[in-house]
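Colleague: I'm new to this one and would like to learn how to read it. Could you walk me through a few features?

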Amino acid sequence: MGEYLGTALSTFVADAQGIYDTFLSTTVFSIGGWSISQYTLWMMISFVLVIALVIGASRHLQLVPSNKLLNTIEYGYTFVKHSIGEDVIGEGFKKHIPFLATLFFFILVANILGLIPGFKAANGTISATWALALISWIYFNFYGLKELGILGYAKSFVPHGVPGPMKPVIWFLEMLSMIIRVLTLAVRLYGNMLAGHMILAIFSIATTVFMQFAFFHFDFITGIVGVVWFILLFAMYVLETLVAFLQAYVFTILSSSYVGMAIHPH
């Protein structure tokens, strides 16, 4: 009883050491001179799925939705419209809802797909989150310039009431803060998704290894350890499901707040 526990542990450690390599971007196929990685592929799949869900929902609109999927999509849109758009941006929020809803649903769908065994999280690579962050950054700066003009937008980086000698310092700090928003948006989403999926992968390896040794060698102690690993895996899976929603929410509400700050100077 338990004589295979050490061997199972050694096998787990050996298998887990190469876990990071499984998250590296690799080419799935090429189109002409363009190489499509697994992350790009799953990003495309997420994009197509979001379009299919939105088109499907729009074709079956009901005054009182009876379909659970339609109910969920409508609730998500209403949540983005009021809790992320109206409450954060304020006046003029309506024209930004399509952009914010697209961000929210795309990130959410991509994150949820990544939780399915055998699938990949499109946001598990920094290049994908960089692209999303850059789109958000360009969007809120574009509307800031459109609403206030070049000079007005530049002046908006200095809050009213700042003493004259401090204005250049505050302007520089605010400008720097605005520039690095693209970095913070990208790294926050990437870091959370990669870390969570790596932990899931490690717990999955541990569960598989210990359960295999327990089953094939009839080792009760090793089996108990395997069950503990499975409980941890299940708990982490539930947590990552919550994180999938939270990261979509955080990215979208930050983008919304940046839009609000760009078009409504403080």
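Colleague: Let me start with one side chain: is Tyr143 buried or exposed?

Modeller: Keep in mind that this is a predicted model. Tyr143 has a relative accessibility of 14%. The cut-off for buried is under 20%, so Tyr143 counts as buried.

Colleague: Which residue forms an aromatic pair with Tyr143?

Modeller: Here's the general idea first. A pair of aromatic rings is described by the distance of the centres and the angle of the planes. In this model, Tyr143 pairs with Phe142. Their centres are 5.2 Å apart and the planes stand at 90°, an edge-to-face arrangement. Phe142 is partly exposed, with 47% relative accessible area, whereas Tyr143 is buried.

Colleague: How many aromatic pairs does a search of the whole structure find?

Modeller: The search turns up 17 of them. Take Phe140 and Tyr258: the ring centres lie 5.4 Å apart and the planes make an angle of 55°, so this pair is tilted. It also ties together distant parts of the chain, since Phe140 belongs to helix α5 (residues 126–155) and Tyr258 to helix α8 (residues 220–263), 118 residues apart.

Colleague: And are Phe140 and Tyr258 buried or exposed?

Modeller: Phe140 is buried, at a relative accessible area of 1%. Tyr258 is buried as well, at 9%.

Colleague: You mentioned two helices there. At what angle do α5 and α8 pack?

Modeller: Again, the idea before the case. Two packed helices are described by the angle between their axes and the distance between the axes. For α5 and α8 the angle is about 10° and the axes are 8 Å apart. Angles under 35 degrees count as roughly parallel, so α5 and α8 are roughly parallel to each other.

Colleague: Which residues make that contact between α5 and α8?

Modeller: From α5 they include Leu132, Ala133, Tyr139, Phe140, Tyr143 and Leu148. On the α8 side, Phe251, Tyr258 and Val259 are among them. So you meet Phe140 and Tyr258 again here. By class, the contact of α5 with α8 has twelve nonpolar residues, three polar and one charged.

Colleague: Let's try another helix. How do the axes of α4 and α8 cross?

Modeller: Helix α4 covers residues 97–113, and its axis comes within 8 Å of the α8 axis, crossing at roughly 155°. Anything over 145 counts as roughly antiparallel, so α4 is roughly antiparallel to α8. The crossing of α4 past α8 is right-handed.

Colleague: What residues are in that contact?

Modeller: On α4, Leu100, Leu103, Phe104 and Ile107 are among them; on α8, the contact includes Ala244, Phe245, Tyr249 and Phe251. Sorted by class, the contact of α4 with α8 holds eleven nonpolar and five polar residues, with no charged ones.

Colleague: Which residues form an aromatic cluster with Phe104?

Modeller: Phe79, Phe105, Phe245 and Tyr249 join Phe104 in one cluster. Phe104, Phe245 and Tyr249 also belong to the contact of α4 with α8.

Colleague: How far apart in space are Ile224 and Phe105?

Modeller: They are 40 Å apart, C-alpha to C-alpha, and 119 residues apart in sequence. Ile224 sits in helix α8 and is partly exposed, with a relative accessible area of 40%.

Colleague: One last residue: where is Trp34 found?

Modeller: Look in strand β2, residues 34–37. Trp34 is exposed, with a relative accessible area of 67%. Between Trp34 and Phe216 there are 46 Å in space, C-alpha to C-alpha, and the two are 182 residues apart in sequence.

How values were computed
Residues numbered from 1 in each chain as written. Predicted model: local features only at pLDDT ≥ 70, side-chain atom pairs only at ≥ 80, totals over all residues. Heavy atoms only, no water. Phe/Tyr/Trp six-rings, centres within 6.5 Å; stacked < 30°, edge-to-face > 60°. Helix = DSSP H or I, 4+ residues; strand = E, 2+ residues; numbered from the N terminus. Buried < 20%, exposed > 50% of the residue type's maximum accessible area, 1.4 Å probe, protein only. Axes fitted to C-alpha atoms, helices over the stretch in contact; angles between N-to-C directions. Parallel < 35°, antiparallel > 145°, perpendicular 65-115°, else oblique. Left-handed = near helix turned anticlockwise from the far one by under 90°. Contact = heavy atoms within 4.5 Å. Nonpolar A, V, L, I, M, F, W, Y, C, P; charged D, E, K, R; others polar.
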